[in-house]
Amino acid sequence: MTDTEAAEKLVVRKLRERNPHWVAAVVEFRGEVTIEVPREHIVAAADFLASDSELKFSFLSDITGVDRFPVEPRFEVNYHLLSIEKRERVRLKVRVGTISPAVQTVTTVWPTANWHEREVFDLFGVRFEGHPDLRRILLPETWEGHPLRKDYPVEGYR
C-alpha cells in the first residue's frame, strides 16, 4: 500500500469512526478519493476534516457544481480539500435534487467558500443555506436562469 492509499483509507476510516452516517459512498480513481457525504451532514463532516489534528484538511481549494440531468438527484456539489501540511487531497461530494436544490454553507468552516458557493449558485442555481451573502458573482443580477445547467438554452433566453 502506498502512502497515498494509506492516507485515503485513514480519511475514510476516521470519518466513519466519528459518524458512520457521514460516508454514503467512497470512490477511488487514479489516486484520488471521493467521499460522498449526505447533504444533511456536510457541515459536520467538513468541520471534522478541517479541525482534526491528524487529517488537517484546512484548505478548501474549490467547490464545483455538476449537472447530471436527466439523472436524479440532478446536481452534485464537489468540495476539493487539501491538507497542505500532509500534502494530501480529498474530494467531498454532495448530491442535491432538482426540486429546491440547496445545501448548507461551509463558510463557517472555510471562509473562502463564500466565493466558491456564490459561483455555483450563479451558474447552477444551487442555493447554500446560511450563506452570508448569496448573490450572483459572475453574471448581472438581472440575468435569467443558470447557464451551466444542461437544460439552459444554448443561445440563452429570448
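## A buried acid and its partner

Glu 76 is buried, with a relative accessible area of 8%. The model is predicted. Glu 76 pairs with Lys 93 in a salt bridge, and the closest N and O atoms are 3.7 Å apart. This pair links distant parts of the chain. Glu 76 sits in strand E4 (residues 75-83), Lys 93 in strand E5, and 17 residues separate them.

Is Lys 93 buried or exposed? Lys 93 is buried, at a relative accessible area of 16%. The cut-off for buried is under 20%, so the 8% of Glu 76 and the 16% of Lys 93 both qualify.

## The salt-bridge network

Side chains of opposite charge can pair when their charged atoms come close. Here the count comes to 14 salt bridges. Another of them joins Arg 95 and Glu 36, at 3.1 Å from N to O. Arg 95 lies in strand E5 (residues 88-96) and Glu 36 in strand E2 (residues 32-36), so this pair ties together parts that are 59 residues apart in sequence. Arg 95 has 24% relative accessibility and counts as partly exposed.

Which residues does the network of salt bridges link? They are Glu 36, Arg 68, Glu 76, Lys 93 and Arg 95. Both pairs described above have their residues in this network.

## A pair with more exposure

Asp 133 and Arg 135 form a salt bridge as well. Their closest N and O atoms are 2.9 Å apart. Asp 133 is partly exposed, with a relative accessible area of 30%. Arg 135 is also partly exposed, at 38%.

## Strand E2 and its neighbours

Strand E2 carries Glu 36. E2 is mostly covered: four of its five residues are buried. How many bridges join E2 to strand E1 (residues 25-29)? There are five, and the two strands run antiparallel. One contact point is Val 27, whose bridge partner in E2 is Thr 34. E1 and E2 form a hairpin with two residues between them. In the turn, Arg 30 has a positive phi of about 50°.

E2 also pairs with E5, this time in the parallel sense, over three bridges. Ile 35 stands opposite Leu 92 in E5. E2 and E5 are thus joined by backbone pairing and by the side chains of Glu 36 and Arg 95. In a regular strand the side chains alternate between the two faces of the sheet.

## The whole chain

The secondary structure comes to three helices and seven strands. Along the sequence the pattern is α-β-β-α-β-β-β-β-α-β. The radius of gyration is 16 Å, close to the 15 Å that the globule rule gives for 158 residues, so the chain is as compact as a globular protein of that length. Along its principal axes the C-alpha trace spans about 55 × 30 × 25 Å.

Of the 158 residues, 46% count as buried. The chain exposes about 8900 Å², and carbon and sulfur atoms supply 52% of that area. What share of contacts between residues at least 6 apart in sequence joins residues at least 24 apart? The share is 49%. The Arg 95 and Glu 36 pair, 59 residues apart, spans over that separation.

Note on methods: Residues are numbered from 1 along each chain as its sequence is written. This is a predicted model: local features need pLDDT of at least 70, side-chain atom pairs count only at pLDDT 80 or more; totals for chains, interfaces and linings use all residues. Side-chain values use heavy atoms; hydrogens and water are left out. A salt bridge is a side-chain nitrogen of Lys or Arg within 4 Å of a carboxyl oxygen of Asp or Glu. Buried means under 20% relative accessible area, exposed over 50%, partly exposed in between (1.4 Å probe, protein chains only). Two strands pair if DSSP finds at least two bridges between them. The radius of gyration is taken over C-alpha atoms; the globule rule is 2.2 Å times the number of residues to the power 0.38. Contact means heavy atoms within 4.5 Å. Accessible areas come from the Shrake-Rupley method with a 1.4 Å probe; for residues, only the protein chains shown count as cover.
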